[in-house]
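Grab a pencil and try these exercises on the structure below. Each one comes with a worked solution, so have a go before you read on.

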Amino acid sequence: MAKIESVSVCIARVPLDNAVTFSTRTVTAREYCLVKVRSVDGVEGLGYCYAVNTSGRLLSVAVTDLLGARLVGQESLRVEGLWQEMYQEALLQGRVGAVMRALSGIDTAVWDLNARTAKLPLYKYLGAMVEDRVPAYASGGYYLPGKTPQKLGEELASYVKDGFKAVKMKTGRLSPREEEDRIRAAREAIGPDVLLMLDANNAWHDLPTALLHMNRLEAYDPHWIEEPFSPDDLDNHAKLAQRTRVTVATGEIEAGRWRFKEMLDKQAAGILQTDATVCGGISEWRRIAATAASYGVTVSPHAWHDVHVHLAASAPNARHVEFMPDDHIVNFRRLIDRQIVAKDGDLLLPQTPGLGFEFDKEAVRKYGTRAPGSDDVWQVVRRA
Ligand SMILES: [Mg+2]
């Protein structure tokens, strides 16, 4: 038993070395919401979520003013009860988006606290499927100035050379003919046997536009087409799924078990990319994965491999974890003290208690933002 003494939050703003472009936006810095839940025994559980370019403060206010106080003085093993109480507290402001991301960070930290208290790696505390590794794909293939199809192919081939058997690239920004040139170069560079995932980042506004692209790119045998439309446009996802032989994958910015059930009922996705740092934490991720299992659908979690290796290792219907091979595009790895190791296309599971890393104190001091008049990057919610 471990009573919760405090909940702390820090917004870290980490600039990118170079601006990076998606099909639909350009990013110059990333903000992360870091959460610590501390027990009266002095054990700290960690959680985090991505707070996009500039909106970190929205999430920290959700922790300090809305959710954190619900946990202080409570028993940390009462995970389901704490989740339900936070969800109920935020019913008018939450359910999806910034507040649900904050709730996700807190819920992850509660699980981590309990696993650390039990002195078990998180995936074993959750009930492991496997003991040492989970399959992954190398995620890259972004748009950069001067990046020709040939250079894109060389980048993806470098991941294959490093042992990956599956790679992902962006699509949807350029014309169908230009995108075909990129995808052809990618397939030729990686060979016929490597899985090639395509991520459109909500690029297409209607079915005819999507079909113009899909009709050209099907020939290169993509493993999935990811986020073809806005996440709210489930009907077009379902129509596209009927019209193409490529599996439609989505769900990385969706939250709550009910929306995922709707997605499954409409047959809008053949693979769910549920993200525990977005959907409502580890608790909600497991509920969604269990629902997907009953529909015979695989979950391939989006980004944040430091959390998702544990979930993929403990869910029977989880497959490839997304892995960013460097910190050029996603720079969260600068904020933690240990990195997951990739080997032969798999990610090796951490064997230390909990998530298996600590926040890097120096980095958090460097990148953490401070409230006006405060020297501390952490804001702490504790009993008055
Ligand atoms: Mg994506």
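**Exercise 1.** In this predicted model, work out how strand β2 is joined to β3, and find the bridge partner of V37.

*Solution.* Start with strand β2, residues 26-39. Seven bridges join β2 to β3, and the two run antiparallel. Next, pick out V37 and look across to β3: its bridge partner there is G45.

**Exercise 2.** Now zoom out to the sheet: what is the strand order, and which strands stand at the edges?

*Solution.* Step one: the sheet is open, has four strands and follows the order β3-β2-β1-β14, with antiparallel pairing. Step two: look for strands with a single partner. Those are β3 (44-50) and β14 (379-382), so one side of each has no neighbour in the sheet. Step three: check the twist, which averages 20° from one strand to the next.

**Exercise 3.** Find which strands helix α1 and helix α3 touch when they pack on this sheet.

*Solution.* Take α1 (residues 56-71) to begin with: it touches β1 (4-21), β2, β3 and β14. The direction of α1 makes about 165° with that of β1. Then do α3, which touches β1, β2 and β3. Here the direction of α3 makes about 150° with that of β3.

**Exercise 4.** Is N114 buried or exposed?

*Solution.* First locate N114: it's in helix α3, residues 98-117. Then count neighbours. The cut-off for buried is 20 or more other C-beta atoms within 10 Å. N114 has 21 C-beta neighbours inside 10 Å, so N114 counts as buried. Who are its contacts? Skip the neighbours within four places in sequence, and you get S76, L77 and Y125. L77 is 37 residues from N114 along the chain, yet their C-alpha atoms are separated by 6.6 Å.

**Exercise 5.** Describe how helices α7 and α8 meet.

*Solution.* Two packed helices are described by the angle between their axes and the distance between the axes. For α7 (residues 207-217) and α8 (residues 234-243), the axes come within 10 Å and cross at roughly 35°. The crossing is right-handed. Now list the residues: L207, A210 and L211 in α7 meet N236, K239, L240 and R243 in α8. Sort them by class and you have four nonpolar, one polar and two charged residues.

**Exercise 6.** How many helices and strands does the whole chain have, and why can we call it as compact as a globular protein of its length?

*Solution.* Count 13 helices and 14 strands. The radius of gyration is 20 Å, close to the 21 Å the globule rule gives for 384 residues, so the chain is as compact as a globular protein of that length.

How values were computed. Residues are numbered from 1 along each chain as its sequence is written. This is a predicted model: local features need pLDDT of at least 70, side-chain atom pairs count only at pLDDT 80 or more; totals for chains, interfaces and linings use all residues. A residue is buried if 20 or more other C-beta atoms lie within 10 Å of its own, exposed if 12 or fewer, and partly exposed in between; C-beta atoms are placed from the backbone. Two residues are in contact if their C-beta atoms, placed from the backbone, lie within 7 Å. The radius of gyration is taken over C-alpha atoms; the globule rule is 2.2 Å times the number of residues to the power 0.38. Axes are lines fitted to C-alpha atoms, for helices over the stretch in contact, and angles run from 0 to 180 degrees between N-to-C directions. A crossing is left-handed if the near helix is turned anticlockwise from the far one by less than a right angle, and right-handed if clockwise. Ala, Val, Leu, Ile, Met, Phe, Trp, Tyr, Cys and Pro count as nonpolar, Asp, Glu, Lys and Arg as charged, and the others, Gly among them, as polar. Two strands pair if DSSP finds at least two bridges between them.
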